[in-house]
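Student: Could you walk me through this fold, starting with the sheets and then turning to the odd spots in the backbone?
Tutor: Gladly; have the model open beside you as we go.

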Amino acid sequence: MNTDDHTTRTLLLSQKADGMLVVSRGSTSNIDTEAGLLSSGHSQVKAFNIRNVSNDGYDFNVDGLRLGWGLRNSVGLVEHPDTGGVYSVENSVDQLVREGKDVHQDNPGEEMNFHGYLNGTEYEPQGSNYGYPFCFSAWVPEDLPQNGNIKVGTQFAMGDQNSTINDTYCADLIPPRLTFQAHMAPLDIKFNNSAKEAWVTFHGSW
């Protein structure tokens, strides 16, 4: 599982599903077009049963339970202590351009995403596409050309829209549960003892 650029891996050992290890793998560059291919394994969060590993180990690209893809660099992972729901916080893209305009100062927003459960609780969108490398969450919609009905947290298309990649396409993908200010770089997320609040740490702009 070699990757350039975002080379670290975040690991989360489930407390609700025995032997399940969640692994987050980031992109290979700021805009990693290969992440648009599910088979690449880039920018994905997966879970693996470490109690049932063959001598050959796992191939991240094709093995494991996919919790989500289209996740640029989800460096923080947490499991809700009561429900077992898995959440991540994601560092989004830099130097974003839309319809020829540089909008990177305040867009896109960073994200907190929900990925379902490992304990058998059904969550229909589990394993779905969260947008990257084509769609991102708005933080300051008024700075975006052709912003139409875009609000904070709405998924919008980067670059020049076309018949394939556009705001309509992006609207059908999984939106974040929470959108943070652009370039805040969330690094971790933890629930408090009551499990009613989550704390998120931020690195700040690069």
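Tutor: Keeping in mind that this is a predicted model, we can begin with an open sheet of four strands, which are arranged in the order β1-β2-β3-β4 with antiparallel pairing. Its edge strands are β1, residues 9-13, and β4, residues 65-69, each of which pairs on one side only. On average, neighbouring strands of this sheet are turned by 20° against each other, direction ignored.

Student: How many bridges join β1 to β2?
Tutor: Five bridges hold β1 against β2, which covers residues 20-25, and the two run antiparallel. Within that pairing, Arg-9 has Arg-25 of β2 as its bridge partner, and Leu-11 stands opposite Val-23.

Student: And what sits between β1 and β2?
Tutor: The two strands form a hairpin with six residues between them, and in the turn Gly-19 has a positive phi of about 85°.

Student: Which side chains of β1 point to which face?
Tutor: They alternate along the strand: Thr-10 and Leu-12 point to one face and are buried, whereas Arg-9, Leu-11 and Leu-13 point to the other face and are not buried.

Student: OK, next sheet. What is the strand order in the one that holds β5?
Tutor: That is an open sheet of four strands in the order β5-β6-β9-β12, and the pairing is antiparallel. At its edges are β5, residues 74-79, and β12, residues 178-180, each pairing on one side only. From one strand to the next, the twist averages 25°.

Student: Which residue in β6 stands opposite Ser-74?
Tutor: Opposite Ser-74 is Glu-90, and the antiparallel pairing of β5 with β6 extends over five bridges.

Student: Since Glu-90 came up, which residues line the largest cavity?
Tutor: Glu-90 is one of them, and the lining is made up of Gly-70, Glu-90, Ser-92, Glu-111, Tyr-130, Tyr-132, Cys-135 and Phe-136. By class, that lining comprises four nonpolar, two polar and two charged residues.

Student: How much space is in there, and how many cavities are counted?
Tutor: The largest cavity holds about 40 Å³ of space, and the count is one cavity of 30 Å³ or more.

Student: Let me switch to Val-93: is that residue buried or exposed?
Tutor: Val-93 counts as buried because its relative accessibility is 1%, below the cut-off of 20% for that class. Its place in the chain is the loop between β6, residues 85-90, and β7, residues 97-98.

Student: What does Val-93 contact, apart from its neighbours in sequence?
Tutor: Setting aside neighbours within four places in sequence, Val-93 is in contact with Asn-30, Ile-31, Arg-72, Pro-108, Phe-136 and His-183. Of these, Phe-136 also belongs to the lining of the largest cavity. Val-93 and Ile-31 are 62 residues apart in sequence, and their C-alpha atoms are 7.1 Å apart in space.

Student: Pro-108 is on that contact list, so what is the geometry of the peptide bond that leads into Pro-108 from Asn-107?
Tutor: The bond from Asn-107 to Pro-108 is cis, with omega near -5°, and Pro-108 lies in the loop between β8, residues 101-102, and β9, residues 110-117. A cis peptide bond also joins Tyr-132 and Pro-133, where omega is about 15°. Pro-133 is placed in the loop between β9 and β10, residues 135-137, and Tyr-132 is among the residues that line the largest cavity.

Student: Why do cis bonds and positive phi values get singled out?
Tutor: They are singled out because most peptide bonds are trans and most residues other than glycine have a negative phi.

Student: Then what is phi for Gln-95, and is that residue buried or exposed?
Tutor: Gln-95, which is not a glycine, has a positive phi near 55°. Gln-95 lies in the loop between β6 and β7, and its relative accessible area of 54% makes it exposed.

Student: And how about Ala-195, buried or exposed?
Tutor: Ala-195 counts as buried, at 9% relative accessibility. Although Ala-195 is not a glycine, its phi is positive at about 65°, and the residue is found in the loop between β13, residues 186-191, and β14, residues 198-202.

Definitions and conventions. Residues numbered from 1 in each chain as written. Predicted model: local features only at pLDDT ≥ 70, side-chain atom pairs only at ≥ 80, totals over all residues. Heavy atoms only, no water. 1 Å grid on protein atoms, 1.4 Å probe; cavity = no way out; pocket = protein on both sides within 12 Å on 5 of 7 lines; lining within 4 Å. Points joined across faces, edges and corners; volume = space filled by probe spheres on them. Nonpolar A, V, L, I, M, F, W, Y, C, P; charged D, E, K, R; others polar. Pairing = 2+ DSSP bridges. Axes fitted to C-alpha atoms, helices over the stretch in contact; angles between N-to-C directions. Buried < 20%, exposed > 50% of the residue type's maximum accessible area, 1.4 Å probe, protein only. Contact = heavy atoms within 4.5 Å.
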